[in-house]
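Me: I'd like to go through this structure with you, one question at a time. Please reason each answer through before you settle on it.

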Number of protein chains: 2
Amino acid sequence: MTSAEIIDGRAIAEQINGETMARVREIGRQGIEPGLAFVRVGEDAASKVYVGMKERMCARLGIKSATHVLPAATSEAELLGLLAQLNADSRTHGILVQAPLPPPLDPAKIFAAVSPAKDVDGFNPVNVGKLMLGDPGGFVPCTPAGVHELLIRSRVEMAGAEVVVLGRGNIVGKPMIAILLQKAPHANATVTLCHSQTRDIAGHCRRADILIAAIGVAKFVRPDMVKPGAVVVDVGVNRVSDPAAKGGYRLVGDVDFEGVRKVAGKITPNPGGVGPMTIAMLMRNTVRAAAMAARS
Amino acid sequence: MTSAEIIDGRAIAEQINGETMARVREIGRQGIEPGLAFVRVGEDAASKVYVGMKERMCARLGIKSATHVLPAATSEAELLGLLAQLNADSRTHGILVQAPLPPPLDPAKIFAAVSPAKDVDGFNPVNVGKLMLGDPGGFVPCTPAGVHELLIRSRVEMAGAEVVVLGRGNIVGKPMIAILLQKAPHANATVTLCHSQTRDIAGHCRRADILIAAIGVAKFVRPDMVKPGAVVVDVGVNRVSDPAAKGGYRLVGDVDFEGVRKVAGKITPNPGGVGPMTIAMLMRNTVRAAAMAARS
């Protein structure tokens, strides 16, 4: 039995980060120093880890970052006040409000308050709308943009491909189909979006040339759900309890990697697949925001 | 052989128009008089007809309308100037820029200049984004909103249904899937969007419980492409030359109605299906815009 080609997300992300670093130097010669503001509310452990990783990547690539940590009890008005300040600050080119936000903060309202021109996470409705309309002027959410780059740089043919996306979240599933259904290079796919209410999800998976799992169920995609030779991308990050592991849990993707790799043509590992790409795309979006701000 | 139930778009639209008229009277008692501004550029014959139909419906329902006709040579700056005026005018609650716009006017730029709060056509990126994000606070484009209402009022079960949409235009196909894929009442469908690059479009059609054709090809959907009992909605408006007809052409839908009605469970005629619903939804959006403006 053959085994799938592994799509090395770390290596591809490093390639993109190298390109971003070169671009930072290039705009630096024009006197532009890209700046990214992180806003973290409360003490969610995973959020601390994620923001820490992004801060370190900023430092590596020459992007100036500042992290604003607010207490969990922060009011909506206070948070909106900080965002208004950052929106107005000419040295801040990108603003990232780390999810999840502690209740009762309404993430939709908060994300919509980030200026579209600084919305490097692509969650403001203006950018969501531009993506859906096929307008390349907006920012694309980092995780689906990262999946797209993985496919492009792994020479996966998307035009006419049957793409099945599992999961209809605002952060991955919905923008993922919005990217791939466009009449555009590296798109033009026939997309199907499956979710908890889908009747024959295994049947849909089995007809996919490209299967993108972002459904949030550990090892949901089993080998018998994959068409031989298909490209399988695992976006999932699921905690499963493991008494032997540090912290009592370990992280597992949405794909049964060891089983599916024997059937798929190409597959992303997890970790080491989509994760590094998300950060790489955030960095790229930030540098683009800085260059756009300088032109406007 | 049985024949499909005909979904009577005219009757359903009349029902909605009756509801809208009642709502106009209701907000009228609060001193709100809904106002809709039409903007028509150039002398496109179909645009004249469409705007005329919408003006007459406004008059019937008690919505005040004003039509601004600009010459085909209108510059972008002039058109944007008019839109800025209408955006600022407190008696104008809805603004509709009739498509198509004569080149070199850029429709995306023009639609984006209509204030989101007055964008009763739902084409501003903010409203497109809200629809995709599942935020009910925006305006939904009239044609897909009308198809949705047709399905709801014809008691078509959408949760878990296999929906196949033909055509990925910004006006119908894309917003149609955005409506039906949401985790929401009368949605929750598994959606597939097919287009010119789709490999086996007939195969996709044949597995659809609900087939929505907006692909712009006369009689594209043939009986052998429809699953027995499926719901078929015909959004197409195609000109086919007909020397015997007035004007030398007649309008034909995307569905071979006479053939498909023998296979489908429910089917929209064309004309008399989606068309009247588009206008009904425009009226409803306008009255909603007026009520929202009064509350804000």
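Me: In this predicted model, is the crossing in which α6(A) passes α7(A) left-handed or right-handed?

Reply: Start with the axes (lines fitted to C-alpha atoms, for helices over the stretch in contact, with angles from 0 to 180 degrees between N-to-C directions): those of α6, residues 142-153 of chain A, and α7, residues 173-180 of chain A, come within 8 Å and cross at roughly 45°. The two helices are therefore oblique to each other (under 35 degrees is roughly parallel, over 145 roughly antiparallel, 65 to 115 roughly perpendicular, and the rest oblique). For the hand, a near helix turned anticlockwise from the far one by less than a right angle gives a left-handed crossing, and clockwise a right-handed one. The crossing of α6(A) past α7(A) is right-handed.

Me: Thanks! Before we go on, what pLDDT do local features need here?

Reply: Residues count from 1 along each chain as its sequence is written, while chains are lettered from A and ligands numbered from 1 in the order in which they are written. As this is a predicted model, side-chain atom pairs count only at pLDDT 80 or more, totals for chains, interfaces and linings use all residues, and local features need pLDDT of at least 70.

Me: How many nonpolar residues are in the contact of α6(A) with α7(A)?

Reply: P144(A), V147(A) and H148(A) from α6(A) meet P175(A), M176(A) and I179(A) from α7(A), where contact means C-beta atoms, placed from the backbone, within 7 Å. Ala, Val, Leu, Ile, Met, Phe, Trp, Tyr, Cys and Pro count as nonpolar, Asp, Glu, Lys and Arg as charged, and the others, Gly among them, as polar. By that scheme, the contact has no charged residues and one polar, and the nonpolar ones number five.

Me: How does α6(A) lie against α10(A): oblique or roughly perpendicular?

Reply: Helices here are DSSP runs of H or I with at least four residues, and strands runs of E with at least two, numbered from the N terminus. α6(A) packs with α10(A), residues 274-295, with axes 8 Å apart and an angle of about 110°. Among the residues of α6(A) in this contact are V147(A) and L150(A). From the angle, the two helices are therefore roughly perpendicular.

Me: Over in chain B, what class does the one residue of the contact of α2(B) with α10(B) that is not nonpolar belong to?

Reply: α2(B), residues 45-61, packs on α10(B), residues 274-295, at about 55° with the axes 10 Å apart, which makes α2(B) oblique to α10(B). M53(B), K54(B), M57(B) and L61(B) of α2(B) meet I279(B), L282(B) and M283(B) of α10(B). Six of these residues are nonpolar, none is polar, and one is charged.

Me: What relation holds between chain B and chain A?

Reply: Superposing by least squares on the C-alpha atoms of residues with pLDDT of at least 70 in both copies, chain B can be laid on chain A with an RMSD of 0.0 Å by a turn of 180° and a shift of 0.0 Å along the axis. That is therefore the relation of a two-fold axis.

Me: Which element gives the most residues to the side of chain B that touches chain A?

Reply: 26 residues of chain B are in contact with 26 residues of chain A. Two elements of chain B give two or more residues to that side, α5 (125-133) and β6 (190-194). The greatest share, eight residues, comes from α5(B).

Me: And which residue of β6(B) is the bridge partner of L193(A)?

Reply: Twelve strands from both chains form an open sheet with mixed pairing, in which β6(A) is followed by β6(B); pairing needs at least two bridges found by DSSP between the strands. β6(A) and β6(B) run antiparallel and are joined by three bridges. Opposite L193(A), the partner is V191(B).

Me: In the open sheet of three strands in chain B, which helix packs on the sheet?

Reply: That sheet has the order β3-β2-β4 with parallel pairing, and its edge strands are β3 (64-70) and β4 (94-97) of chain B. Four bridges join β2(B) to β4(B), with F38(B) opposite L96(B). The helix that touches β2, β3 and β4 of chain B, its direction making about 180° with that of β2(B), is α3(B).

Note on methods:
Contact = placed C-beta atoms within 7 Å.
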